[in-house]
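Grab a pencil and work through these short exercises with the structure open beside you. Try each task before you read its solution.

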Amino acid sequence: MKVTKEPKQIRSMFSAIAPRYDLLNHLLSLSVDRYWRWRTVRVLTRETGEDRLILDVCTGTADLALLLARSHSVVGCDFSHPMLRLAVDKTAASPLQKRMRLVEADALSLPFGEGVFDGVTVAFGLRNLQSYEKGLREMKRVLKPGGTVAVLEFSQPRFPIMREAYLFYFSRILPRLGEWISGRPGAYSYLCHSVRDFPEQEELEQITAKAGLQYVRHYSLTGGIAALHLARRK
Ligand SMILES: C[S@@+](CC[C@H](N)C(=O)[O-])C[C@H]1O[C@@H](n2cnc3c(N)ncnc32)[C@H](O)[C@@H]1O
C-alpha cells in the first residue's frame, strides 16, 4: 500500500473514523494508550513546571488535551472538524473546560504568534504530517525560547521476537479489526504503513535538529511499541 500524506486525504480519513476513534484507540491498544498519554503529561510537566500554557497539536478528540488541563492551560488544535466536534462535546462535559480552548487549524500553518507557548505536545499526530520537519518547525516557532516539545508516537520494538509479534499484530490483525469496527476500509492499513514508514530514533533526531530544535532525549514505552521524544527550543 502506498502511504499518501496528502492533507485532504488525511483529513477526510480521520473525519470518517472520528465517531469510532476513541473506542478503537482504547480497544486496539488494550487501553495502554491512556498510560502513554498520562506519561507524556508527567514528563512534559517535569520539564515546564505546572500551570503553563501548552499547545496540543493534532489534538483529535482531546484526550491528551484534557489530561494536560489538569495541570495547565491548554489550546488543542486539529484540522478535522468531526474530530473537534467530539472534542468539544467531551470538554463541555468536563470541569476542566475553562482551562481549554479548541481551534480548527492545520499543524503545518499554525494560527499563533511566535513564542507563545511554554510547551507543545503532539500525540500520534506527527506521523500523519506531509512534512515532519515543517511540522516541527511550526511547533518550534510558537514555542517560547527554552520551551519543550513532547512527541508521542508509535515506534518499533528493538527486541526481535517482540518486534515480529508487534508487526504481525499491526499488519494482520489491527487493520481487520479496525475496518470491521470503524466500517472504513483502508484507515487502519494506513496506520500500519505509516508506523512502518516513521523514522527511527536517529533519523528523528536529525529531522528535529533540521527544524531548529535541540533534541533532548526519548523514553521508550511498553517495550518500544511507543516512544516519547523530547526536544527544546534553544
Ligand atoms: C491519530 S489521531 C491522534 C489524536 C490525538 N492526539 C490522540 O492522541 O488520540 C491524529 C490526528 O491528527 C490530525 N491531523 C493530521 N494531520 C493534521 C494536520 N496537518 N493539521 C492538523 N491536524 C492534523 C487528524 O485530524 C487526527 O485528529
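**Exercise 1.** Which element gives the most to the lining of the largest cavity?

*Solution.* Keep in mind that this is a predicted model. Start with the search of the whole structure, which turns up one cavity of 30 Å³ or more. Next, its size: the largest cavity has a volume of about 60 Å³. Now list the lining, which consists of Leu126, Leu136, Val149, Val151, Leu204, Thr208, Tyr215, His229, Leu230 and Ala231. Two or more of the lining residues come from each of strand S5 (143-154), helix H8 (201-210) and strand S7 (226-232). The winner is S7, which contributes three residues.

**Exercise 2.** Work out how many disulfides there are.

*Solution.* A disulfide needs two cysteine sulfur atoms within 2.5 Å. Going by that rule, you get zero disulfides. Take Cys58: the nearest cysteine sulfur belongs to Cys77 and sits 6.9 Å away, and Cys58 is in no disulfide. Then try Cys192, also in no disulfide, where the nearest cysteine sulfur is that of Cys58, 20 Å away.

**Exercise 3.** Sort Cys58 and Cys192 by how much of each is accessible.

*Solution.* Under 20% relative accessible area is buried, and over 50% is exposed. Cys58 has 23%, so put it down as partly exposed. Cys192 comes out at 5%, so that one is buried.

**Exercise 4.** Find the residues that form a nonpolar patch on the surface with Met162.

*Solution.* First locate Met162, in helix H6 (residues 160-182). Its relative accessible area is 31%, so Met162 is partly exposed. Its patch partners are Phe159 and Ile161, and together the three residues have about 330 Å² of accessible area.

Definitions and conventions
Residues numbered from 1 in each chain as written. Predicted model: local features only at pLDDT ≥ 70, side-chain atom pairs only at ≥ 80, totals over all residues. Heavy atoms only, no water. Buried < 20%, exposed > 50% of the residue type's maximum accessible area, 1.4 Å probe, protein only. Patch = residues over 30% accessible without salt bridge, like charges linked within 9 Å, V, L, I, M, F, W, Y side chains within 5 Å. Areas by Shrake-Rupley, 256 points an atom, 1.4 Å probe, with all protein chains shown as cover. Salt bridge = Lys/Arg side-chain N within 4 Å of Asp/Glu carboxyl O. Helix = DSSP H or I, 4+ residues; strand = E, 2+ residues; numbered from the N terminus. 1 Å grid on protein atoms, 1.4 Å probe; cavity = no way out; pocket = protein on both sides within 12 Å on 5 of 7 lines; lining within 4 Å. Points joined across faces, edges and corners; volume = space filled by probe spheres on them.
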